[in-house]
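Let's take a walk through a protein structure together. Keep the picture open while you read, and look up each spot as we get to it.

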Amino acid sequence: MTETITESATEEHAVDAGRERVRRWLTGDFGKVLLVVLAWNVALIAVAWLFGPSTPASEGIPKTGIGSTLSLLSHTYRWDAGNYGEIAEHAYTGSYVPLRAFYPIFPIFVWLVKTVSFGTLGLLTAGFLVNLIATWLAGVALLKIARFFLRTPRSQWLVVGAFLTAPAAFFLHSFYSEAVFCALGFWAYLFALKRQWLWMGLCLIPLTASRITAAVFVGLCFLEFWRSAGWKPRGLLSWNILWFPAAYLGLGAHMLYMKLETGSAMASFTALKGVSTWSYHQFNPNIVETTLTELKVTFSALVGDRPMDAWTLMSHVLPTLGLILLVVASVYIFVALKADGLPLALFGIASFVMLTINSNVVSVHRYLLPCLVMYLALVLLAERRPNLRVVAYATLYLNSLICGAIFLRFVAGHWAG
């Protein structure tokens with residue numbers, strides 16, 4: 001009888017402990033961010049469903065296939081999404097050479113979700129789940145990163161708000177690689193801040209196989225590694241430094257696959273040569289020339305000397321304004337945080353260089369999405385200067401309006417970056 005009572009008490013205690021763990025999870029960072037990200041995705045679906053059909057369809061919508069058929073998630077499949085979908089379905093076996101310019105990590109995750117579901121999930125649903133989880137994880141990492149630099153919980157959550165209201169934030173919801181890239185990059189940096197080098201390295205390896213700009217996150221984590229040693233050269237004499245060259249195993253594996261599949265390990269880097277629609281991509285290390293050209297175009301459009309047509313707005317003005325804000329944010333982070341902010345400041349400057357080295361700034365407002373220094377700088381300014389807090393809230397509001405407007409263009413198949 002006593003044993004039965006003891007077993008019953010033990011089982012009841014285990015149930016209570018389980019409920020407590022669930023409660024802590026739901027009320028903790030992971031649970032709260034998940035609710036925010038779910039609500040954010042539902043809002044985007046509602047906007048696309050309510051307002052998308054009223055806008056005439058354009059060239060960004062596939063003429064045949066899943067993206068051209070109206071469904072709950074068809075609005076996520078526009079422009080380059082078709083390339084990622086092709087890779088998820090057929091890898092790089094097709095004859096369309098420009099496909100090789102797109103990196104494989106996001107399509108691999110989509111393929112894995114479809115495979116695990118035994119084909120019960122379609123391509124768009126699998127992609128949506130991948131991006132939902134990736135955006136959730138990116139938001140959690142960003143919240144935890146914010147705690148290293150900001151004092152109040154309100155400010156820390158405001159950084160997540162700045163991320164989800166960025167002008168190009170809807171790409172986290174779309175069938176693109178942005179969400180996965182942000183998740184891997186943010187967690188790599190978080191692990192670096194926590195001095196957990198093994199986990200940092202394991203995030204960096206797939207990151208380098210998701211986009212070439214992963215190099216700036218490798219640099220950010222390296223600078224944080226050096227900062228942890230007090231910026232002393234002898235601090236680099238550690239086995240953990242090997243994680244930084246090892247990070248490029250992801251890119252190396254992709255290049256090896258391209259060698260076996262196409263005969264050229266450099267296929268991803270040369271895929272756009274000879275493609276007229278992408279002829280504006282020309283490697284040019286003279287970023288000063290590119291920057292001045294874009295500043296002139298932007299200024300001319302803003303003062304009315306040049307027509308502010310859709311291409312000028314989306315491919316010149318918005319990206320250039322974003323780059324200006326990136327530089328300002330990088331400088332402010334260094335001024336405000338001194339040595340502690342140096343890795344983030346240099347990360348911002350390195351991002352500026354990488355995003356202007358191809359003779360143009362087309363789609364740069366999308367590539368700025370992972371630049372967390374911009375979110376941190378905005379909120380840090382508001383926290384340290386309470387009288388400017390209204391500026392931060394106004395910025396988030398304005399960004400959300402811009403995001404909504406660009407999102408509707410994207411849904412309708414118009415160029416959005």
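## A tour along the chain

Leu401 counts as partly exposed, because its relative accessibility is 45%. This is a predicted model, by the way, so keep that in mind as you look around. You'll find Leu401 in helix H18, which covers residues 389-411. Now look for Ala166: along the sequence Leu401 and Ala166 are 235 residues apart, yet in space their C-alpha atoms are 9.5 Å apart.

What does UniProt say about this stretch of chain? Its unreviewed entry lists residues 390-412 as a "transmembrane region", and other stretches with that label include 121-145 and 317-337. In the model, residues 390-412 are 96% helix and 0% strand, with 33 Å between the end C-alpha atoms. Residues 121-145 come out at 92% helix and 0% strand, and there the end C-alpha atoms are 34 Å apart.

That second stretch brings us to helix H5, residues 123-146, where Thr135 sits. Is Thr135 buried or exposed? With a relative accessibility of 1%, Thr135 counts as buried. Leaving aside residues up to four places away in sequence, Thr135 touches Val37, Trp40, Leu164, Leu172 and Ala179.

Next, the nonpolar core. The largest one has 121 residues, and Phe163, Phe186 and Leu372 have the most contacts inside it. H5 supplies the largest share of this core, with 15 residues. Zoom in on Phe163: again not counting residues up to four places away in sequence, Phe163 touches Ala138, Leu142, Ala169, Leu172, Cys182, Phe186, Leu369 and Tyr375. Leu172 may ring a bell, as Thr135 touches Leu172 too.

Time for some charged residues. Side chains of opposite charge can pair when their charged atoms come close. How many salt bridges does the model have? The count comes to nine. One of them joins the side chains of Arg147 and Asp29, with 2.6 Å from N to O. Arg147 is in the loop between H5 and helix H6 (153-164), while Asp29 is in helix H2 (residues 29-51), so the pair ties together parts that are 118 residues apart in sequence. How open are the two partners? Arg147 counts as partly exposed because its relative accessibility is 38%, whereas Asp29 is buried, with a relative accessible area of 14%.

Another salt bridge pairs Asp80 with Arg366, and here the closest N and O atoms are 3.9 Å apart. This pair links distant parts of the chain, 286 residues apart: Asp80 is in the loop between H2 and helix H3 (81-90), and Arg366 is in helix H16 (residues 364-367). Both Asp80 and Arg366 are buried. There's a bit extra to see here, too: Asp80 and Arg366 belong to a network of salt bridges that also links Glu178 and Arg211.

For one more pair, find Arg195 and Glu224, which form a salt bridge with their closest N and O atoms 2.8 Å apart. Arg195 is in the loop between helix H7 (178-193) and helix H8 (197-207), and Glu224 is in helix H9 (residues 214-228), so to speak across a gap of 29 residues in sequence. Arg195 counts as partly exposed at 33% relative accessibility, and Glu224 counts as buried at 0%.

Just follow the chain out of H9 and you get to Trp231, in the loop between H9 and helix H10 (243-246). What is the phi of Trp231, which is not a glycine? Trp231 has a positive phi of about 60°. At 25% relative accessibility, Trp231 counts as partly exposed.

Our last stop is helix H14, residues 310-337. H14 has 28 residues and reaches 39 Å from its first C-alpha to its last, close to the expected 40 Å. Where does H14 kink? The kink, of about 25°, lies at Val317, shortly before the proline Pro319. Just after H14 comes Lys338, with a positive phi of about 60°. Like Trp231, Lys338 is not a glycine. Lys338 lies in the loop between H14 and helix H15 (342-355), and it counts as exposed because its relative accessibility is 52%.

How values were computed:
Residues numbered from 1 in each chain as written. Predicted model: local features only at pLDDT ≥ 70, side-chain atom pairs only at ≥ 80, totals over all residues. Heavy atoms only, no water. Helix = DSSP H or I, 4+ residues; strand = E, 2+ residues; numbered from the N terminus. Expected span 1.5 Å × (residues − 1). Bend = angle between axes of the 7 residues up to and from the residue. Buried < 20%, exposed > 50% of the residue type's maximum accessible area, 1.4 Å probe, protein only. Contact = heavy atoms within 4.5 Å. Core = buried A, V, L, I, M, F, W, Y, C linked by side-chain atoms within 4.5 Å. Salt bridge = Lys/Arg side-chain N within 4 Å of Asp/Glu carboxyl O. UniProt positions renumbered as here; feature names shortened; annotations may be inferred.
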